[in-house]
Amino acid sequence: MAEYVLTSERVEVDDSLEAVYRLFQARGWGDGLPIVPPTEDRVKRFLDYTDRDPQQVVATIPPRWGEATVEKIAINAVMAGCLPEYLPVVITAVEAMADPAFNLYAIQATTHPVAPLVILNGPIARELDVNSGYNAFGQGWRANATIGRAIRLILMNIGGGIPGRLDRATQGQPSKYTYCVAENEEANPWEPLHVEKGFEPWVSTVTVIGGESPHNINDHGSTSGLGILKTCAGAIRAIGTNNYYRGGEILIAFGPEHAETLARDGFNKRAIREYIFEHARNPLSEFSAENAAIYREETARRGLIVGEDYLVPVVDGPESIWIIVVGGAGKHSSWVPTFGGTTRGVIRPIALEDGTPARSIRDLRRA
């Protein structure tokens, strides 16, 4: 273990998990679940997995604009139950969320139940055993659960996103505890997400998308790709999402069986996006009178006059649809509505401090 000078506040508490839990909850430092005490030794073991200075500011986290130093990120990762080798993933996710396109301030403070979804691609996802198969969005996998939880603790403890204070989500959602998954690249008949976005296959990446929890798409009956897409469009055009009122991006997470059928029938990602954009629509007459009036006013400002039979798209265009493959066997897929047109998904490579992509977590470990 290298020698580090840690600058964060020290607190003393009785040497019991119950005492630590009570103290952290009383001070607003927890998410309601028990935490791993972030002792100096534990934090220092985490810092061995990055070549960055512990006091380097990775980002400032709104709405409180706290400085997310490498040390403070490590502290929250310890609390979440991460393994030390997960730290580079958490740091990369924080960098991605700090991109202005992601609009973290709005995501932190809105009444909408949005949470940052973390998607891993590339060899490091497999090296860290991040679940991409059965129940990937669910429980039972340490990497998924604790990486996602570390992000939430950072947003609370550094960014001040405390429920009812600066986090104003009306109802929230379970994915505000943890929201992390890897793409099932082995079962993907198309390019994986990071390759589609311009990275080499050997580069490992972290993508963040500000979304709701996954909405299931059940289609056991369709035997054709066209049938599956028709079902998907029907699920996605549900009125009431932020996308219908604010446009923006959505994510479709195809299960491997649905993806295989689509690819077999000649549908690539471009064709899927075009179909969903054209068919995931509702006539304006299906909206409430008040919402229809608001939509007419907004479109009129853009020079478009629409009537009751106008078909309102759920996204801005085909390019606003993200596609990944996730899960195990079974004829289920899901889609993720987002916060809307004021946020965009962001992808970043897991890299050394100088920006060189890491081929392995071992590349990042301090000598």
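## A tour from loops to sheet

Asn135 is partly exposed, its relative accessible area being 42%. Select it first. The model is predicted, so treat each stop as a feature of that model. Asn135 sits in the loop between helix H6 (123-127) and helix H7 (142-157). Check its backbone: phi is positive, about 60°, although Asn135 is not a glycine. Most residues other than glycine have a negative phi.

**Next, Asn103.** Which loop holds Asn103? Select the stretch between helix H4 (87-97) and helix H5 (104-109). Asn103 also has a positive phi of about 60° and is not a glycine. Its relative accessibility is 23%, so Asn103 counts as partly exposed; the cut-off for buried is under 20%.

**Then the cis bond.** Go to the loop between strand E1 (57-61) and strand E2 (66-69), where Pro63 is found. Show the peptide bond from Pro62 to Pro63: it is cis, with omega near 0°. Most peptide bonds are trans.

**Now the helix pair.** Select H4 and H7. Their axes come within 10 Å and cross at roughly 50°. H4 and H7 are therefore oblique to each other. The crossing of H4 and H7 is right-handed. Turn on side chains at the contact. From H4, pick Val89, Val90, Ala93, Val94 and Met97; they meet Ile147, Ala150, Ile151, Ile154 and Leu155 of H7. What is the make-up of this contact: nonpolar, polar or charged? The residues are 10 nonpolar, with no polar and no charged.

**On to the sheet.** Colour the four strands in the order E6-E11-E7-E10. They form an open sheet with mixed pairing. Strand E6 (215-218) and strand E10 (321-325) are the edges, each pairing on one side only. Neighbouring strands of this sheet are turned by 25° against each other on average, direction ignored.

Zoom in on strand E7 (residues 250-254) beside E10. The two pair in the parallel sense over 5 bridges. For one pair of partners, select Ile252 and Ile323: Ile323, in E10, is the bridge partner of Ile252.

**Last, the helices across the sheet.** Select helix H11 (residues 256-264). H11 lies across E6, E7, E10 and strand E11 (332-337). Against E7, H11 runs at about 95°. Then add helix H12 (residues 269-279), which lies across E7 and E10. H12 runs at about 130° to E10. Keep E7 and E10 in view here: H11 lies across both, and H12 does too.

Technical notes
Residues are numbered from 1 along each chain as its sequence is written. This is a predicted model: local features need pLDDT of at least 70, side-chain atom pairs count only at pLDDT 80 or more; totals for chains, interfaces and linings use all residues. Side-chain values use heavy atoms; hydrogens and water are left out. Buried means under 20% relative accessible area, exposed over 50%, partly exposed in between (1.4 Å probe, protein chains only). Axes are lines fitted to C-alpha atoms, for helices over the stretch in contact, and angles run from 0 to 180 degrees between N-to-C directions. Angles under 35 degrees count as roughly parallel, over 145 as roughly antiparallel, 65 to 115 as roughly perpendicular and the rest as oblique. A crossing is left-handed if the near helix is turned anticlockwise from the far one by less than a right angle, and right-handed if clockwise. Contact means heavy atoms within 4.5 Å. Ala, Val, Leu, Ile, Met, Phe, Trp, Tyr, Cys and Pro count as nonpolar, Asp, Glu, Lys and Arg as charged, and the others, Gly among them, as polar. Two strands pair if DSSP finds at least two bridges between them.
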